[in-house]
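Please open the model in your viewer and display it as a cartoon. The tour below proceeds by selections, each followed by a description of what is to be found there.

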Amino acid sequence: MRKYLISLLILVVAGSFAEPARDSSCLDSVIALKSYGGAPNRDLDAWKRDIAEYSRRHYGPAEWKITPTAIVLHYTASADFPMNLLVSESFLGEAPGLASHFVVQQKGKKILMYQLLPLDVMSRATFGANFCSISIEIVAVNEEDLLSRPVVLDAVSRLVSELMVKYSIPAERVFGHEEIDEMLAADPRGMFFDNTIQGKFVPRKIDPGKRAMEYVRGRIALVKPI
Ligand SMILES: [Zn+2]
């Protein structure tokens, strides 16, 4: 009987460790991506070298390091993990290809959050804002798809909230990709900029959509970055 009770106790304790607390931190449960679908994550040294060159051409300083002061949300326009974030060698004829800081993906009932790049390393996901922003890609075909799964947007909102606190980023500095394009169109040398823009900038992006941003903003409105 005593042996049985001890076994039971061990089971209960083990169970309580196996089940993460419901309010456990998103950042603690982020998966540092090693590889996906047989493709390895970016080689960090090569990425830093190439993105520093990208930075020189687009922003001025040849610098891979960033201090995040903004967060930009995207959807992938795909039903599954966007492999181009791992394997693309270039985009628009220019190295290093595309890569975001995070990819958030729903798999069945689970929400998986992958981290591809350290948060002080420049990503290439948001033309005009890579020099200062953390980029989060959400796996979704389009805005309708995204809005049909509020559980994903809730998880993204929690991740954004934690990043806001960690980096003292106010809600006004959380943007959708589409909004960055609109700001570049209004002023290509403003808060966000790119030195390669000649003449007028024509917005191209529609992700993650106005309603998706409205949803996230409703969730993060009360976050108080210190
Ligand atoms: Zn985007």
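This is a predicted model. Begin by selecting helix α6, residues 150–167, which lies across β4, β5, β6, β7 and β8. Its direction makes an angle of about 150 degrees with β5, the strand at residues 102–107.

Next, select the strands of the sheet beneath this view. The sheet is open and has 6 strands, in the order β1-β6-β5-β7-β4-β8, with mixed pairing. The edges are formed by β1 (31–32) and β8 (174–176); each has a single partner strand, so one side of each lacks a neighbour in the sheet.

Now restrict the selection to residues 70–75 and 133–138, which are β4 and β7. These two strands run parallel and are joined by 6 bridges. Within the pair, Y75 is placed opposite I138 of β7.

Then move to helix α7, residues 177–186, and show its side chains. Which residues of this helix are buried? They are H177, E178, I180, D181 and L184. These residues cover an arc of only 160 degrees around the axis, which means that they lie on the same side of α7. An α-helix has 3.6 residues a turn, so residues three or four places apart point the same way. The buried residues of α7 pack against β4 and β8.

Finally, return to the whole protein. It contains 8 helices and 8 strands, and 35% of its 226 residues are buried. Of the contacts with a separation of 6 or more, 72% are between residues 24 or more positions apart.

Note on methods:
Residues numbered from 1 in each chain as written. Predicted model: local features only at pLDDT ≥ 70, side-chain atom pairs only at ≥ 80, totals over all residues. Pairing = 2+ DSSP bridges. Helix = DSSP H or I, 4+ residues; strand = E, 2+ residues; numbered from the N terminus. Contact = placed C-beta atoms within 7 Å. Axes fitted to C-alpha atoms, helices over the stretch in contact; angles between N-to-C directions. Buried ≥ 20, exposed ≤ 12 C-beta atoms within 10 Å, placed from the backbone. Arc of directions from axis to C-beta.
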